[in-house]
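Work through the exercises below with the model in view, and try each task before reading its solution.

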There are 2 protein chains.
Amino acid sequence: MLAVKNWQLLSLDEKKLCLSRPAPIANQRVVVNQIIEQVKLFGDNALLEFSQKFDGITLKTLQVSEEKIKAARIKPEALVAMQNAIATITQYQQSQLPESKTLSTAPGIRITTVYRPIQRVGLYTAGGNKTPLISSLLMIAIPAQIAGCPIKVLCTPPDPSGEINPNLLVAARLCGIETIYTVGGAQAIAAMAYGTETIPKVDKLFGPGNSYVNEAKTIVSCDPQGAAIDLPAGPSEVMVVADEQADPAFIAADLLAQAEHGVDSQVILLCNSEGMADLVNQEIGKQMQNLSRKNCIEKSLLISRIIVCPDRTEQIAIINNYAPEHLIINCIDAANWVDKINAVGTIFLGAWAAEAMGDYVTGSSHVLPTNGYAKNCSGLSTLDYLTCFNVQTIDKEGLRALGPSAITLAQLEGLDAHAQAVQLRLNTMEN
Amino acid sequence: MLAVKNWQLLSLDEKKLCLSRPAPIANQRVVVNQIIEQVKLFGDNALLEFSQKFDGITLKTLQVSEEKIKAARIKPEALVAMQNAIATITQYQQSQLPESKTLSTAPGIRITTVYRPIQRVGLYTAGGNKTPLISSLLMIAIPAQIAGCPIKVLCTPPDPSGEINPNLLVAARLCGIETIYTVGGAQAIAAMAYGTETIPKVDKLFGPGNSYVNEAKTIVSCDPQGAAIDLPAGPSEVMVVADEQADPAFIAADLLAQAEHGVDSQVILLCNSEGMADLVNQEIGKQMQNLSRKNCIEKSLLISRIIVCPDRTEQIAIINNYAPEHLIINCIDAANWVDKINAVGTIFLGAWAAEAMGDYVTGSSHVLPTNGYAKNCSGLSTLDYLTCFNVQTIDKEGLRALGPSAITLAQLEGLDAHAQAVQLRLNTMEN
């Protein structure tokens with residue numbers, strides 16, 4: 001059962017609390033820093049020791065052999081499902097490819113914006129045995145291939161027998177990933193950020209993980225010797241806004257789907273009446289009985305809630321303030337809401353738009369800003385696998401036209417060597 | 001005089017050292033963390049105390065009054081120079097505005113990518129009295145205005161009399177910035193990231209500063225309660241590659257222009273012969289005599305060098321490995337180099353393309369990745385002031401076509417509540 005809060009009866013502090021995320025694990029940064037230091041100091045040996053310590057596995061090698069990747073076999077329906085997902089994700093990510101363009105901002109001055117694939121990318125996929133996150137791998141590997149990143153490596157934790165789930169191996173193969181390491185956790189992030197004897201250093205890291213992985217990504221992204229990251233990540237979350245026409249069974253199903261991600265996944269329903277809140281709570285009770293991750297769901301429901309607030313303006317303010325990773329608008333006029341929303345990871349419109357469809361098969365990225373980061377970050381796209389730089393051409397005409405302005409500004413800034421670099425050229429032209 | 005290194009005679013370790021950046025200031029993170037904590041705890045009072053402590057100024061108020069901004073008067077040629085710069089920067093940044101688009105990845109599935117301005121942006125401009133970085137303010141303020149960010153605030157340190165340079169005030173006014181605070185340093189970053197009684201909390205911070213400011217930006221960007229940042233920043237730097245036709249005077253002028261930025265600014269010349277290296281060193285000696293920032297330049301030249309390497313392939317490898325913020329290609333076939341370069345902040349092509357032109361007036365952004373970050377980051381553009389999210393519409397046809405694939409993938413991942421959210425809808429459709 002979700003706690004029901006009547007928004008308009010809450011104090012300011014209670015409203016703030018109502019939209020707060022669960023607190024992060026205390027002291028996690030210290031632990032993760034230690035893991036990173038060990039990997040920097042001892043390389044592969046540290047990785048093997050952490051596999052023993054955290055996963056209880058004695059690995060002989062870190063890299064999955066080419067033969068193993070090739071030999072992986074999966075069920076035909078799994079292959080079809082993957083291929084369907086790959087087809088839509090590829091279409092979407094290709095549509096995000098930018099085009100080089102040239103602009104003349106003044107006579108004699110041309111600026112050409114060019115794009116380059118990031119040379120070395122490191123992909124992380126959580127999983128192990130229980131939940132091999134095949135879809136996450138597709139989401140981060142396909143844009144790497146479309147961007148044309150020449151070096152792509154994947155780290156993913158082994159299952160209890162030291163192996164990688166064959167579905168993951170096939171997914172990697174279908175996305176052109178040939179280099180796979182059986183390493184998970186914060187140590188995998190450290191290995192790719194700094195390199196070890198076996199694992200190459202990369203320029204940028206992609207893919208969400210558990211809170212230790214996410215913390216490790218944050219830490220290495222602050223170190224110029226480390227690696228950049230796709231986006232900061234917290235637990236996955238959903239906000240559903242529903243009006244009176246919405247089917248309480250659909251709402252409950254969407255909330256439960258999100259809640260099964262982890263005990264720290266927060267789900268929030270925004271609805272107009274306590275009557276609807278009760279109906280949804282009843283449905284949750286019914287539907288969760290036979291779910292395999294019921295224990296996890298029960299915990300995540302404890303940090304979740306239903307907010308009753310019949311005022312549309314306030315509902316919009318709540319959404320923009322919370323800035324949910326996923327927003328489902330299960331309202332009769334769903335499309336009308338979009339223009340007013342400015343901070344959200346992605347939006348699902350209408351009764352049929354189950355978030356689970358977006359997690360797997362619509363083609364849109366499911367690697368999205370969580371934890372309020374939708375206020376300043378966007379979901380993953382091919383652009384994140386590219387860098388862009390401007391090539392600036394300035395000929396004599398351009399120098400003559402704008403050189404004097406550059407000199408004036410340089411002098412105002414007290415930078416006379418800047419002025420001199422322009423003046424010297426102007427003098428040379430005149431002679 | 002710059003040290004001259006013959007690349008092909010260097011050992012691997014010497015090569016690595018030759019392309020290394022100056023070490024960051026030790027213990028800086030600890031100091032900056034303390035400043036941030038003080039601002040979080042004591043708000044405005046901490047800011048006033050730090051102004052006293054670091055700038056030696058007793059401020060009565062933090063915000064610059066509307067009257068003061070309006071009353072600022074500057075020389076006519078300064079105004080013209082600013083207007084010229086604003087015209088080109090505006091053209092360039094407008095050309096980077098993305099367009100919303102809709103894609104149907106499968107029948108019954110539509111993905112619309114929409115863009116929103118980041119709601120609250122904080123701008124930082126270094127300066128004080130000596131070097132009011134007018135151009136940096138233009139570079140970060142114009143795209144904020146083009147993106148349409150509704151809340152824009154500027155922090156910049158006061159001069160010794162507690163005032164802001166009138167050129168900065170006019171530049172701010174011309175860019176539509178109406179809220180200006182006389183606060184600089186790490187404390188300004190903390191104030192905008194967390195908010196104080198006077199300064200509003202923002203969602204994202206823009207603008208390079210000194211190493212304390214840059215460190216503060218890194219720290220607050222790792223805190224979900226903090227703020228995102230434009231890009232990680234280190235000292236400004238340049239690499240010049242020059243062939244035998246290049247004018248040693250131009251090369252020297254460009255190196256000196258970069259060296260005057262700060263004692264930690266590194267400049268590297270890549271050339272084909274020791275003869276050219278000598279000519280450039282002679283020119284540096286001559287040209288630096290009358291420069292006002294000679295003391296600063298002398299220090300920065302100590303951490304700089306000339307690399308003699310006549311092999312084009314190796315030169316390209318050096319460029320991509322160093323990943324300079326600014327690259328000047330002063331070669332007869334400059335345009336031919338571009339295709340091979342993959343990690344650089346921006347490129348200036350040919351003899352007339354002084355970097356100082358790009359710093360002020362070409363319209364291209366001068367807020368660029370330093371410290372090797374060009375391997376995974378791009379220069380600032382309007383895109384950095386926007387977030388983007390996808391609106392996903394899925395109708396019955398889409399659900400029928402791809403729902404079964406979503407269910408299969410959810411089951412492979414062990415997420416049966418995900419499968420249930422789709423199955424429930426499929427069942428409802430059939431009834």
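**Exercise 1: the two sides of a helix**

On one side of α10(A), the residues E274(A), G275(A), G285(A) and K286(A) are exposed, where exposed means that 12 or fewer other C-beta atoms, placed from the backbone, lie within 10 Å of a residue's own, and buried that 20 or more do. The model is predicted, with local features needing pLDDT of at least 70, side-chain atom pairs counting only at pLDDT 80 or more, and totals for chains, interfaces and linings using all residues. Residues are numbered from 1 along each chain as its sequence is written, while chains are lettered from A and ligands numbered from 1 in the order in which they are written.

Task: find which residues of α10(A) are buried and what covers them.

Solution. Begin with the list: M276(A), A277(A), V280(A), N281(A), E283(A), I284(A) and Q287(A) are buried. Seen down the helix axis, the directions to their C-beta atoms fall within an arc of 160°, so these residues line one face of α10(A). Their cover includes β1, β9, α9, β10 and β11 of chain A, together with α16 (416–430) of chain B; helices (H or I, at least four residues) and strands (E, at least two) are DSSP runs, numbered from the N terminus.

**Exercise 2: the two copies**

Task: state which rotation superposes chain B on chain A.

Solution. By least squares on the C-alpha atoms of residues with pLDDT of at least 70 in both, a rotation of 180° with 0.0 Å of shift along its axis superposes the chains, with an RMSD of 0.0 Å. The copies are therefore related as by a two-fold rotation axis. In chain B, the C-alpha nearest that axis belongs to C222(B), 3.9 Å away.

Definitions and conventions
Two residues are in contact if their C-beta atoms, placed from the backbone, lie within 7 Å.
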